[in-house]
Amino acid sequence: MSKRLPEDFIFGGATAAYQAEGATKTDGKGRVAWDTFLEENYWYTAEPASDFYNQYPVDLKLCEEFGINGIRISIAWSRIFPNGYGEVNPKGVEFYHKLFAECKKRKVEPFITLHHFDTPEVLHSNGDFLNRENIEHFLNYAKFCFEEFTEVNYWTTFNEIGPIGEGQYLVGKFPPGIKYDFEKLFQSHHNMVLAHAKAVNLFKKNGYHGEIGMVCALPTKYPYDPNNPGDVRAAELDDIIHNKFILDATFKGEYSKETMEGVNHILKVNGGKLDLREEDFEELKAAKDLNDFLGINYYMSDWMTEYDGENEIVHNATGNKGSSKYQLKGIGQRKANESIPRTDWDWIIYPKGLYDQIFRVKRDYPNYKKIYITENGLGYKDVFEDNTVYDDARIDYIRQHLEIISDAIKDGANVKGYFLWSLMDVFSWSNGYEKRYGLFYVDFETQKRYPKKSAYWYKKVAETKEVE
């Protein structure tokens, strides 16, 4: 039996500037911290990635042909302000105008992200969002974009504040590569939500055209043994790190008693203290009901068990199944039931976690207005044969998640669209080019695009609104 999705549902594809554009030194683009981090630590770079800087007309034509009526695109901050502030780069501005015009021509609605992991290097080396001056630089950049790109109807401030703090200060897989610094982790979260709130308040106060929201990665956390209070506590603490701290600030304008109790426990065990100011909460409170939408990026769930040892995280960057490890002092340890499927990168495939997360938002943050699933997809070692990829596992993955979304809508959640990560194969940060997510296979040597089996399947779903 098939499940339906609403007639006005957006079937989208997601991209990000640094992962897709390439052209990292072209037309006056400023450097980002990733440029240096990759040069120093990896054997690949984001050049030319998917060459979206030149290939965007090809990709948008494919959108039109395959029924994709929404696209997530991020603006590269350092294309507009090479140093993050000061002089504007007109060639960068011109590029995005041309890109948005092509979206319009192909009848694909662009959802624009202002920051997708790519703070300009000048500001990143100056403390990134731990430095409150950079909040003001971000605000000026946002204001410029709101006023310049009036053709945009949907704005997102940040993509995934949680994984930024985690990648930079907990796991160390993002520049500056710091590990287990919980003070920096929570301060980064707080300052970035503050920057978001200030941008939302500015957007609404000035009456700019369109809608504005935030995109959060929300992995669902479960206790390994729901009857063991230690496991329940571990799941709660890990949820605070990844989800609750950020959601509270965004939709409550404050941190609930339970959230702060958890944060204080984590900092007591691991060291550190936070700089939370009265005026911060004035901004957060002013913005809490002004978010037009919440974007949820969902890939996985985690099961947590209590843990007393030292911090140890091993990040699986190579797709060597079973090589990852996650255990945090005074918090907990990830431990999954072996019967639950997982990807080669140890990401647990659990569609029900998306349903549970949607209803957690509906229950705990009833002022959420509407949800878009802004990222979801399967990273895979695709095998290219007969000019395509027979990616039945990806089709199955997307199908299960779309069915869950259909159920959530039926049960009263306001979910308005789904953006598959990713539209085409892109550069994948610390996983390089081996981990492919796209509906369209990219030959990175020739930059030619080939529709995968999943692209034809997705087209049919977009046309019929039926998930077979």
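In which strand does Glu375 lie? Glu375 sits in strand 13, residues 371-375, where a strand is a DSSP run of E with at least two residues and a helix is a run of H or I with at least four, both numbered from the N terminus.

Before the views, a word on the model. This is a predicted model, in which local features need pLDDT of at least 70, side-chain atom pairs count only at pLDDT 80 or more, and totals for chains, interfaces and linings use all residues. Residues are numbered from 1 along each chain as its sequence is written, and side-chain values use heavy atoms, with hydrogens and water left out.

**View 1. The residues listed as "active site".** UniProt, in an unreviewed entry, gives this feature to Glu160 and Glu375; its positions follow the numbering used here, feature names are shortened, and annotations may be inferred rather than shown by experiment. The two span 216 residues in sequence, yet no two of their C-alpha atoms are more than 10.4 Å apart, so they gather at one spot. Glu160 and Glu375 also belong to the lining of the largest pocket. On a 1 Å grid over the protein atoms alone, a pocket is an open set of points where a 1.4 Å probe fits, with protein on both sides within 12 Å along at least five of seven lines, and lining residues have an atom within 4 Å of a point.

**View 2. A closer look at Glu160.** Find Glu160 in the loop between strand 5 (154-159) and helix 8 (161-169). Its relative accessibility is 8%, so Glu160 counts as buried (under 20% relative accessible area; 1.4 Å probe, protein chains only). Beyond its neighbours within four places in sequence, Glu160 is in contact (heavy atoms within 4.5 Å) with Phe117, Val215, Ala217, Asn297 and Glu375.

**View 3. Asn297 beside Glu160.** Asn297 is part of strand 8, residues 293-297, and is buried at 2% relative accessibility. A polar contact of 2.9 Å links the side chains of Asn297 and Glu160; such a contact is a pair of N or O atoms within 3.5 Å, and within protein one must be able to donate a hydrogen and the other to accept it, while residues adjacent in sequence count only if both atoms are side-chain atoms.

**View 4. Gln19, one of the "binding site" residues.** UniProt's unreviewed entry places this feature at Gln19 and Asn297, among others, and both are in the lining of the largest pocket. Gln19 lies in helix 1, residues 17-20, and is buried at 2% relative accessibility.

Conventions: Buried < 20%, exposed > 50% of the residue type's maximum accessible area, 1.4 Å probe, protein only.
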